[in-house]
Each structure stands twice: as C-alpha cells, then as structure tokens.
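Thank you all for coming; I would like to walk you slowly through one structure today, beginning with its aromatic rings and then moving on to its interior and its strands. Please take a moment to look at it before I go on.

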Amino acid sequence: MLEVSDSLIEAGKLNRLAGIVILAGGASKRMGTPKAELILPTGERLLDYHIRQALELSTALARNLPIMIADNGRGFTINPDLIKHLQSPIFHIADYVTNNDLFSDSDKPIETGGALVAIESALQSLTTWKNATELSQIPDEQSSWLLVISCDSLIPINDLWQKLQPYITQAADKSVICLADDHHLYPLLGLYRLSIEPNLKHYIDGGQRQVMRFIKPLVQPIPFAKEWQYLTNFNTPEDFEHACLALNDL
C-alpha cells in the first residue's frame with residue numbers, strides 16, 4: 001500500500017486528477033491471449049495489478065477517483081478482494097460510437113475504433129460522473145485531467161502520475177502530457193485535459209482515429225525514465241517475460 005504523504009495529497013488537490021482509465025480492449029493477436037488476462041510472476045492478473053495500483057493512488061491522494069475499464073465489451077472481471085471495501089467507483093465503459101456507426105447498414109459487428117474512442121468515452125463518463133455527484137470532487141473541465149494507462153504496460157500508476165503531474169503547471173498551454181523516448185511518443189501513458197472532449201468528439205465524428213494526428217498540436221512529451229524502458233509496449237510472450245524481469249529490478 002502506498003504511504004500517504006502531505007506533498008502527494010497536495011499535488012492531487014492542485015493538479016486536479018479527475019479519474020483513471022485502464023485501456024484493455026486491444027486485440028492482442030501477437031500475444032495470443034488478452035493482455036488484461038496475463039499473469040504476473042506474483043500470480044496477480046495484469047488487469048487486477050492496474051486496478052490495485054489505481055486504488056492505491058486514489059487512497060494516497062485522499063480521493064475517491066473513478067476508475068474506468070475500457071475493454072471493448074470483453075467484460076473482464078475484477079478480483080473480488082480488490083472491491084471488498086471499495087470506496088473509489090470501478091466500472092466498465094463502452095467505446096464511444098459515432099452516429100454513422102450506430103446507423104450503419106452493415107451486418108458486421110462494430111470493431112474497436114482504437115484508443116481514441118475509449119479515451120473519448122472516459123472523458124464523457126467523467127463529465128457525467130461530475131454532474132451526477134452532488135459532492136463531486138471534480139472541478140471544472142479546464143483544470144481537470146484524466147490519467148490514461150494501457151494494459152501493455154507494467155509502469156506503476158503512482159510512478160506514472162508522479163512523473164507527469166509536475167508538467168500540468170510547467171506546460172500550462174498543453175492539453176496532453178505523455179511519456180516519450182528518443183523515437184516515439186507513448187500517448188496511452190499520459191494525462192488528458194477534460195476540456196478537450198468536444199474537440200476529440202468532433203475529430204472522431206469526422207471519421208478520424210489517428211492518435212498522433214489529434215495530439216500533435218496539444219502534447220507535451222516527457223522523457224521516459226530509463227528503468228521503464230522494458231516495462232511497456234509488450235506484444236509477444238517474450239516481451240512480457242522481459243517486462244516482468246524489468247519490474248522485479250525496480
């Protein structure tokens with residue numbers, strides 16, 4: 001369990017973390033099994049690992065942060081032990097679907113539209129949550145943020161938040177803050193300002209799904225911590241094995 005510190009609580013108040021979404025809806029074709037269902041060497045399932053981490057961050061920030069699971073309708077279960085004394089709400093969210101998708105004449109099932117439709121759904125859900133909760137801890141959308149973490153990562157959520165949150169004030173003109181290395185951005189390990197929701201909806205409604213194209217004018221890249229190099233973006237069983245070894249070395 002994370003230790004609660006005054007500085008961590010104050011950071012949470014100042015930087016307005018509104019909620020967390022765990023992206024678990026990928027096809028996982030090269031892995032051969034859904035990444036959310038992978039088992040860590042400790043015996044813990046990967047999705048439960050992220051939920052536990054999210055709950056610990058919520059506790060450390062002295063908040064009841066909504067924790068959303070975007071699994072593209074796969075209906076992954078949650079370890080009952082994690083929700084015995086639940087205070088933070090945990091719920092599944094469906095991907096955002098455009099009107100064109102809803103009224104399509106095609107008989108084919110709607111496949112996942114990628115990460116952006118899940119992020120759009122999470123942003124909408126937080127707005128709904130704020131409006132439905134009389135004692136909401138979510139302030140206005142301009143100063144509130146969604147923490148996004150993908151299921152192909154073992155980076156502890158608290159460590160990710162600690163890495164990203166200082167840039168909310170340091171890069172005040174940016175609406176997306178995410179990890180980056182020398183060659184790539186990692187937009188599914190980042191913070192998204194709630195106020196971008198209408199623009200993201202318009203982008204998706206226009207038939208666009210490219211993450212990089214949407215975030216390019218909005219993003220503040222944050223250099224990857226060297227010890228995280230092998231903890232994310234695993235796509236094969238061998239990649240996952242290397243990630244588990246790297247996690248043990250933290």
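The structure holds four aromatic pairs, where rings of Phe, Tyr and Trp (its six-membered ring) pair if their centres lie within 6.5 Å, with planes under 30 degrees apart counted as stacked, over 60 as edge-to-face and the rest as tilted. One of them joins tyrosine 186 and phenylalanine 224, and it is tilted, with 4.8 Å from centre to centre and 50° between the planes. This pair links distant parts of the chain, 38 residues apart, since tyrosine 186 sits in strand β6 (residues 185–193) and phenylalanine 224 in the loop between β7 (219–223) and α9 (237–248); helices (H or I, at least four residues) and strands (E, at least two) are DSSP runs, numbered from the N terminus.

Before I continue, a word on the basis: this is a predicted model, in which local features need pLDDT of at least 70 and side-chain atom pairs count only at pLDDT 80 or more, while totals for chains, interfaces and linings use all residues. Residues are numbered from 1 along each chain as its sequence is written, and side-chain values use heavy atoms, with hydrogens and water left out.

Are the two rings' residues buried or exposed? Tyrosine 186 counts as buried because its relative accessibility is 16%, and phenylalanine 224 is buried as well, with a relative accessible area of 15%; buried means under 20% relative accessible area, exposed over 50%, and partly exposed in between (1.4 Å probe, protein chains only). Ring pairs also bring in Trp228, which forms a cluster with Tyr186 and Phe224.

Turning to the interior, the largest nonpolar core has 49 residues, and those with the most contacts inside it are Ile51, Leu147, Leu154, Leu179 and Leu191; such a core is a set of buried Ala, Val, Leu, Ile, Met, Phe, Trp, Tyr and Cys residues joined through side-chain atoms within 4.5 Å. Its largest share, seven residues, comes from α2. A second, separate core of 29 residues includes Ile93, Leu123, Ile196 and Ile204.

Finally, let us look at β4, where six of six residues are buried, with Trp145, Leu147 and Ile149 covered on one side and Leu146, Val148 and Ser150 on the other. β4 pairs with β1 in the parallel sense over six bridges, and two strands count as paired if DSSP finds at least two bridges between them. With β6, β4 pairs in the antiparallel sense over five bridges, and there isoleucine 149 has leucine 189 as its bridge partner.
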